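Work through the exercises below with the coordinates open. Try each task before reading its solution.

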Amino acid sequence: MVPAEGSPGGPGDAAGDGGFLLLRPPESGSVRKGCDPFAQTQRSKLQHRRARINQQINKEMRMRAGAENLFKATSNHKVKETVALELSYVNSNLQLLKEELEELNSSVDVYQNDSESISVPMIPLGLKETKEMDLMAPLKDLICEHYGEDGISFEKEIKELMELRQAMRTPSRNEAGLELLMEYYNQLYFLDNRFFPPNKNLGVFFHWYDSLTGVPSHQRALAFEKGSVLFNIGALHTQIGARQDRTTLQGVDRAIDAFQKAAGAFNYLKENFSNAPSLDMSTASLNMLVRLMIAQVQECVFEKVTLTSAQNDFFTQLQIAQEAARVEEVYSLVHQTMTQAHVKDYVPFSWATMVHVKSEHFKALSHYYAAVALCDCPSVSDADLPEHEKAFVQFHVTVPEGPSLHLVLQDQEERRKLGKAHLKKAIMRHEEAMRIHSLCKILRKMDILQEVLSFAHKRSLSKYSEIDHEEDFFETGDAPDIHPKTNQRPEIKSPNFSQVKVTDIFHRLEAGLKEGDYIVSVNSEDCKWSKHAEVVQLLKSIGEEGVDIGVVTLQSSDGQNVADRRSVAMSSGGALLKNNKENSRKSLMNSKSASTLLAWSKKSKRSKSSTYSLPFATVGDESMY
């Protein structure tokens, strides 16, 4: 990830007109730490269980792979029978483990807020788990072979990178946790440029477990590591959104922001990373997650409207009803997505059921608030009739049967009849939501959701009894559906990687150039008195043939080397001169940071005619192979 100008390394204009000075990056590294992995919080216990289940699934899948290979290879009938029995046993264990993981993913109540108020629970995601990695040996070897530097002298930097990776495995459920994940993601950009050439692998595998199925995946491609960290950024946003107290305006706003950022992270991952080896990062899964987050944002918008609106205002009640209809519409879309062939097999059944329940619940609420607008608000005067009629004609999907709209609005009895029809439909939808809820064993254990559904159902029944008259001999008609409408459309907020400024951990790898060195010529063109921007432009114009750079090292403190002038041949290969779709921002060549700009890498050990090249870089979208 390329941070914005001035993010890593700081501004590079300090050299002024006197050549191009290499600045010293900040000495301090990351001070962010992850949560205590042994802390006994409800959330940490879930993550521990997730890690244990993931490891067991990994073990069972390896056993199954070995048994399947043996079954194919042997021709002995008795051996085949034994292996087939073993396979059935392993498959049975795998099914039990996946059911246990599904139940874990359905533990949404753990992530909700601790307030005593009753709110509809939201669906958060658990973090993807990863294995601990030892990068010391491979990075030391590559530094020695590619850069011609002593790998041992970079043990401190390698250890810092490994500690940062270890910390980001257990981020706290707040802004500090997000910054920790962002910091590691930004460091991966530098790591990609320095240590992951397209034609050579580092010899390390990145192991990650599927968040939904627990199935392990491993790849050498750093894009898999970056994509998995980005997934966890989105997942952490969902947990932060779910924990907000949405009975307050501040809590609702925070929840909206968190779910919008979660949608942005999943959408960014979908659009910029391809060939993901795990199902949770597939296009179909990410599309479903984006829609789920948008639906949860829309639900929060509905809650915000109910918090800020006047109770007995006709237009307000119509607005609330239309907001509820909009929530029902988006949850119906999510449910359709979750039940598609490529998604339904790995989405937890409790998720699909909860989304279906919410769809019915909010449809019921839309009819309830329509009834409140008709029955609790006073009749319309002649002066206000045109305005009310205009709002009401756009309120229903189809025009209600019976009297004209102006008669309905001005006649209290006609309003009561139409309101009764809406309440009848509301009660039917409430009962359908409760029926669907009862079909899921996991949801039946969720007291919060059951309380919400029961309260809404009883409220509609109470309102129906209130307006029902004993002398009503007419048959209650069928109320038309309410036209969905919202005054606050959800946004998909892409990750702002530049908000977390980092320094390249391996900034000391400067390809033989020392801090304080001056570039005095580029391809024999004198640039001692050139401006910073002019030298940058010369370097940006590098072609495939490379460039010769003249460098001056000033006198050292011990009086030796008054002026060490040397020529460096830099081959770019266009590596950093192209835009990278993965970060969709300017390349490092556009950065003001001199230390970043000159972060070249050496192909071989230093010799009299040293040859240097820019760090490895990816161009285009991030492919995971």
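The exercises cover a helix face, a helix pair and two loop residues, all in a predicted model.

**Exercise 1. The faces of α11**

Task: Determine which residues of α11 are buried, which are exposed, and what the buried ones pack against.

Solution:
- Step 1. Locate the helix. α11 covers residues 385-393.
- Step 2. Apply the cut-off for burial, under 20% relative accessible area. L385, H388 and F392 are buried.
- Step 3. Look down the axis of α11. The buried residues fall within an arc of 70°, so they line one face of the helix.
- Step 4. Turn to the other side of α11. There P386 and K390 are exposed.
- Step 5. Find the partners of the buried residues. They pack against α9 (314-338), α10 (349-375), α12 (405-410) and α13 (412-438).

**Exercise 2. The α13 and α15 pair**

Task: Describe how α13 and α15 cross, and state what kinds of residue form their contact.

Solution:
- Step 1. Choose the descriptors. Two packed helices are described by the angle between their axes and the distance between the axes.
- Step 2. Obtain both values. The axes of α13 and α15 (residues 447-467) come within 9 Å. They cross at roughly 155°.
- Step 3. Classify the angle. Angles over 145 degrees count as roughly antiparallel. α13 and α15 are therefore roughly antiparallel to each other.
- Step 4. Assign the hand. The crossing of α13 and α15 is left-handed.
- Step 5. List the contact residues. On the α13 side they include R416, L423, I427 and M434. On the α15 side they include L449, L453, H457 and Y464.
- Step 6. Sort the residues of this contact by type. They divide into 11 nonpolar, six polar and five charged.

**Exercise 3. Two loop residues**

Task: For N312 and T213, decide whether each is buried or exposed. Then examine a sequence-distant partner for each.

Solution:
- Step 1. Place N312. This residue lies in the loop between α8 (283-308) and α9.
- Step 2. Check its accessibility. The relative accessible area of N312 is 54%. The cut-off for exposed is over 50%, so N312 is exposed.
- Step 3. Compare sequence and space. N312 and V372 are 60 residues apart in sequence. Their C-alpha atoms are 8.4 Å apart.
- Step 4. Find the contacts of N312. Leaving out residues up to four places away in sequence, N312 touches Q317 and C377.
- Step 5. Place T213. This residue lies in the loop between β2 (206-209) and β3 (216-219).
- Step 6. Check its accessibility. At 11% relative accessibility, T213 counts as buried.
- Step 7. Compare again. T213 and D345 are 132 residues apart along the chain. Their C-alpha atoms are separated by 9.7 Å.

Conventions: Residues numbered from 1 in each chain as written. Predicted model: local features only at pLDDT ≥ 70, side-chain atom pairs only at ≥ 80, totals over all residues. Heavy atoms only, no water. Buried < 20%, exposed > 50% of the residue type's maximum accessible area, 1.4 Å probe, protein only. Helix = DSSP H or I, 4+ residues; strand = E, 2+ residues; numbered from the N terminus. Arc of directions from axis to C-beta. Contact = heavy atoms within 4.5 Å. Axes fitted to C-alpha atoms, helices over the stretch in contact; angles between N-to-C directions. Parallel < 35°, antiparallel > 145°, perpendicular 65-115°, else oblique. Left-handed = near helix turned anticlockwise from the far one by under 90°. Nonpolar A, V, L, I, M, F, W, Y, C, P; charged D, E, K, R; others polar.
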